[in-house]
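Let's take a walk through this structure, starting with how open its residues are to the outside and ending in its interior. Have the model open as you read.

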Amino acid sequence: MTTQEIILEKMAPKHLDGALELSRQVQWPHRREDWELVLSISQGIAALEEQRLVATIMMTPYGDDAATINMVIVDAAMRGRGLGRKMLEEALAEAGERTCYLVATQEGLPLYERLGFAATGEIVQHQGEPSPVEAPDHVTWSESCDHARLVALDRAAYGHDRSALMEILRERAKFAVIRGDGEIQAFAAIRSFGRGLVIGPVVARNNAEARALIEFLLAHHQGRFVRIDTDVSTDLSGWLTGRGLDHVGGGIRMRRSEAARQEGKPTDHRSYSLVSQALG
């Protein structure tokens, strides 16, 4: 059997039950609700063999200039036939001229490099039931009127417009904030995901702010299973382990654009940093 016998079509809610089975096959923790969230702001591609879903990929656009490639799964029985490359090429065609980001496994790294992606960092994943901590006094919950400021801070940190994602998180997440000089200076979100909760994004000016935001969220969710993915450059991995969140893996952060191919380095986003993202 060849990939010419596989039908590719736009991913839709009717594909989500099959997508959930694929994610279970690769031992991802995603619930159907987690797939629904990503699909609601993404352009997905489904690969079907005789009406059976055998591969997925999502292209999540952030405005007209950026996108993430995510939810890349190929059924174990279909691997080694070029289907993964075909799906990725289709997703990149959907992205057009946008700068594309993804997090790669070691196994997927060669394919991504052949298609123009360059490594820009390393993501480390921590999860578990956190140790008891006290909530910092200078961190509070956000208010409904704060949303525009949160969107602005996220854009300053990420460098692209993620307002569609932030609108979804407005409905599904709770936001912890640090205020100063009359406005919010840093924030972190927490929402239901997988086996429990996921923290992200975390936007802060320094590690002290990031740690305070994370501790506040952990303090208010004692006894819950929590996941957080951070860039290794933040140097928070050891600290997170000390808070009871075990290091369980990660991936290579990659970027594809003309600038990335020439320079092989990420963009400088001024004084704010995106400590933890919201989508993998």
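A residue counts as buried when its relative accessible area is under 20%, as exposed when that value is over 50%, and as partly exposed in between. Keep in mind that this is a predicted model. With those cut-offs in hand, turn to Asp17: its relative accessible area is 47%, so it is partly exposed.

What does Asp17 pair with in a salt bridge? Its partner is Arg32, and the closest N and O atoms of the two sit 2.9 Å apart. This pair ties together distant parts of the chain, since Asp17 belongs to helix H1 (residues 16–25) and Arg32 to helix H2 (residues 32–40), 15 residues apart. Arg32 has 28% relative accessibility and therefore also falls in the partly exposed class.

Arg32 has a further salt bridge, this one to the side chain of Glu36, at 2.7 Å from N to O. Why can these two be described as about one helical turn apart? Because Arg32 and Glu36 are 4 residues apart in helix H2. Glu36, with a relative accessible area of 30%, is partly exposed.

Now for a pair in another setting. Asp229 forms a salt bridge with Arg227, and here the closest N and O atoms are 2.8 Å apart. Are these two buried or exposed? Asp229 comes out at 19% relative accessibility, so it counts as buried, and Arg227 is buried as well, at 14%. Back on the helices, shared partners join Asp17, Arg32 and Glu36 into one network of salt bridges. The structure as a whole holds 17 salt bridges.

Next stop is Arg52, which you'll find in strand E3 (residues 52–62). Its relative accessible area of 39% makes Arg52 partly exposed. Which residues does Arg52 contact once its neighbours within four places in sequence are left aside? They are Ala47 and Asp75. Measuring from C-alpha to C-alpha, Arg52 and Ile7 are 10.0 Å apart in space, with their positions 45 residues apart in sequence.

Follow the contact from Arg52 over to Asp75, and you land in the loop between E4 and H3. Asp75 has a relative accessible area of just 8%, so it is buried. Skipping residues up to four places away in sequence, Asp75 touches Leu22, Gln25, Arg52 and Val54.

From here, head for the nonpolar interior. The largest nonpolar core has 27 residues, and the members that touch the most others are Ile69, Leu83, Leu88 and Met254. Which elements build this core, with at least two residues each? They are strand E2 (43–49), E3, strand E4 (66–74), helix H3 (83–95), strand E5 (99–104), helix H4 (109–114) and strand E12 (246–256). H3 gives the largest share, 6 residues.

Leu88 is a good place to pause. Beyond residues up to four places away in sequence, Leu88 touches Ile57, Ile69, Leu111, Tyr112 and Leu115. Apart from this core lies another one, of 26 residues, and its members include Val139, Leu217, Val226 and Val275.

Notes
Residues are numbered from 1 along each chain as its sequence is written. This is a predicted model: local features need pLDDT of at least 70, side-chain atom pairs count only at pLDDT 80 or more; totals for chains, interfaces and linings use all residues. Side-chain values use heavy atoms; hydrogens and water are left out. Buried means under 20% relative accessible area, exposed over 50%, partly exposed in between (1.4 Å probe, protein chains only). Contact means heavy atoms within 4.5 Å. A nonpolar core is a set of buried Ala, Val, Leu, Ile, Met, Phe, Trp, Tyr and Cys residues joined through side-chain atoms within 4.5 Å. A salt bridge is a side-chain nitrogen of Lys or Arg within 4 Å of a carboxyl oxygen of Asp or Glu.
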